[in-house]
Amino acid sequence: MYVYDAFDRTLVAERVAEFRDQVARRLSGELTEEEFKPLRLMNGVYLQLHAYMLRIAIPYGTLSSAQLRMLAHVARRYDRGYGHFTTRQNIQFHWIKLDELPDAMADLASVGMHGMQTSGNCVRNITTDQWAGVAPDEIEDLRVLAEVIRQHVTLHPEFTFMPRKFKIAVGASAHDRAALRVHDLALRLHRNGAGETGFEVMIGGGLGRTPFLAKTIKPFLHKRDVLSYVEAILRTYNQFGRRDNIYKARIKILVHELGVEAFAKEVEAEWQSIKDGALALDPAVVAEIASRFRYPAYERLNDSPPELAAARRADRRFDAWIGNAVANHKVPGYAIVTLSLKPEGGTPGDATAEQMDAIAALADRYSFGEIRVGHEQNLVLPHVAQGDLPALWCELDAIGVATANVGLISDIISCPGLDYCSLANARSIPIAQEITRRFRNADLAHDLGRLHVNISGCINACGHHHVGHIGILGVEKNGEEFYQITLGGKADEDAKLGTLIGPAVPYAQVADVVEDIAAAYLELRQRPDELFIETVKRTGVEPFRERVYAAR
Amino acid sequence: MPLVENGRIVEDRYVRVLDDAPVPDRAPVIVPAKRFLADAHELIRRDGSLGVLWPNDRRVAELEPWLGHLALIALVFPKFRDGRAYSQARLLRETYGFRGTLRATGDVLRDQFHFLVRAGFDSFEVKKPADAHVFAEVLARYSVFYQPSADGRAPVLRRRLQSAAAVPKTCETV
């Protein structure tokens, strides 16, 4: 994990001081709400239905235990005792008071956290695989380069007032756990024929009302050129992206309207003029940043210690959890543990201050003080000795984060929806809660296997419904909440947008429809190990449509 | 609308000339882009400093042949949120090497000052008098910059490689 130095701390402290002044000017009436809006947005402060909301960045999803304890403190001291982890490796607090915001930010700054650029038309938090640095299938830990890019775009003088927000994700594994192709810009590390590593650059992905998957504009970009190439992309977008219509302002529309070849040509011309200048990455600069990343001092351990096997035989629930929530680590004897923030009847992605404190303590004891946040809105303890798993499980179970539903139908990705958000047309959270109740039976959920349900309360698609195996989109019809259902979306290396199965259904029927879809899958699948998404791919949505609408 | 240069409020020496108005002799003038492009050969022969008001939806590359004759380029921020002129400014300074005055006009508010300076602007038509008065104070808000830009300041990525003495003292207590 990256440790701030004096420069980083100074910048965040200066930012807090500036924001304190802006809040004071707002409170005194010197600034109107309209003038204050872009300033607060640049610090992650939204005005929602009931209160101000503060969004804090968790760059590339890595948290120290001290940082998680501070998030617990903010939840307790300034909010209502909980926080909400989002699909972009951020955390949100939904009940913050304006006059207390500068203090909350100063507290966060004391552990190197901030809300800078978690909103506004700038480069947002840079996200990656929550298993970065520990996944066996990873080429290289990209968090160092993600940090280089993060620093470069922080308070960037040219790219703070772009046409619209700009989201960057990076990934370095064969299996894409960062939803790369739904980002404005995605950098995928791979090896070329000569064995060198470099980036495939993909541009113009995004969901919202006009969903697109990102397209490749450069198959292989050398790492030394990453900042100059990103700069050329942002400069092209900043100048030519549409500003006449907020719904057409994302880079995906520019790429679509210009055509990907013309866009790539524009970027290439700009890049050629700057690539050998100050932005060419000096290995010494990268090495300096890498030197401030702290890595665990792993012990020499063997895989599959006998006490783990014995514990699995002794307890069926523990065994099921190991099979579901624990993944292979690149270092022998260690494991990656996912903590489900999707308990039955819970709000997806929510954690209480007590849970955060407890998880921080467990991270100190079992995971070298490190926690990760994934876009699926779960937490991860990335470096757990396999022999510690039985003891860890007992503790996780006691605080309600050991539900063995990771990747299953009740591991729902959801936006806050109409319960909080002023943009929403419909509620998301109660839909998610009801689905978790319908599929509370662990054997049924397990039988259904890997199945991603994504819920968005409006067309802005914060719940990524387009790329859910089952996507649920809230819409408003004559003042009532209705939901469109899509099937077959995927956010992985084989990303795909889902297909609408038919007319929207009313709020009260959504969970029934999901049950119908699940039942149809169990009948349609050719083998028990044919995944839901494979069945949908093979059969198309028609048999599901028939099943769902036959009785409606 | 106060004009700020070198951190102080100053008188504007330049006269704005409209599209069809006659251009006064000798006086420093700012002419609109279309007029400039139509009459460039004549305009550059007259005495007196020449400036052009360049819209944010036209490529600054069009100005390249004339940069040696221009004393000032005024770029436009129609709205606070419309940041196209930041890119134009950096291109003029860093790619085309423009050394004259770069003026920010339009919706220029205090919270943009340090972005503007870093992008290469050195003349500011500030919308609110109260903002113009605190120009220097606002610029002092930040001492740390991560990225290289048109102001030539050493970015943090570089400063880290220099001696430990470069580390700002103020933050040892933070």
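Q: How far apart do the C-alpha centres of domain 3 of chain A and domain 4 of chain A lie?
A: In this predicted model, the C-alpha centres of domain 3 of chain A and domain 4 of chain A lie 27 Å apart; domain 3 covers residues 306-398 and domain 4 covers residues 413-550.

Q: What shows that domain 3 of chain A and domain 4 of chain A are in contact?
A: Contact requires heavy atoms within 4.5 Å, and eleven residues of domain 3 of chain A are in contact with nine residues of domain 4 of chain A. The two domains bury about 900 Å² between them, with 51% of it on carbon and sulfur atoms. On the side of domain 3, A:Glu344, A:Gly345 and A:Pro348 lose the most area to domain 4, together 45% of what that side buries.

Q: Why is the pair A:Asp443 and A:Arg316 called a salt bridge?
A: The closest N and O atoms of A:Asp443 and A:Arg316 are 3.2 Å apart, and a salt bridge needs a side-chain nitrogen of Lys or Arg within 4 Å of a carboxyl oxygen of Asp or Glu, so the pair satisfies the rule. Between domain 3 and domain 4 of chain A the count is two salt bridges.

Q: Why is A:His94 called buried or exposed?
A: The relative accessible area of A:His94 is 5%, and buried means under 20%, so A:His94 is called buried. This residue is found in strand E5 of chain A.

Q: What makes the pair A:His94 and A:Gln92 a polar contact?
A: Their side chains make the contact at 2.9 Å, which is to be set against the requirement of N or O atoms within 3.5 Å, one able to donate a hydrogen and the other to accept it.

Notes:
Residues are numbered from 1 along each chain as its sequence is written. Chains are lettered from A and ligands numbered from 1 in the order in which they are written. This is a predicted model: local features need pLDDT of at least 70, side-chain atom pairs count only at pLDDT 80 or more; totals for chains, interfaces and linings use all residues. Side-chain values use heavy atoms; hydrogens and water are left out. Domain bounds come from an automatic or database domain assignment. Buried area is the accessible area (1.4 Å probe) that two parts lose on being put together, summed over both. Helices (H or I, at least four residues) and strands (E, at least two) are DSSP runs, numbered from the N terminus. Buried means under 20% relative accessible area, exposed over 50%, partly exposed in between (1.4 Å probe, protein chains only).
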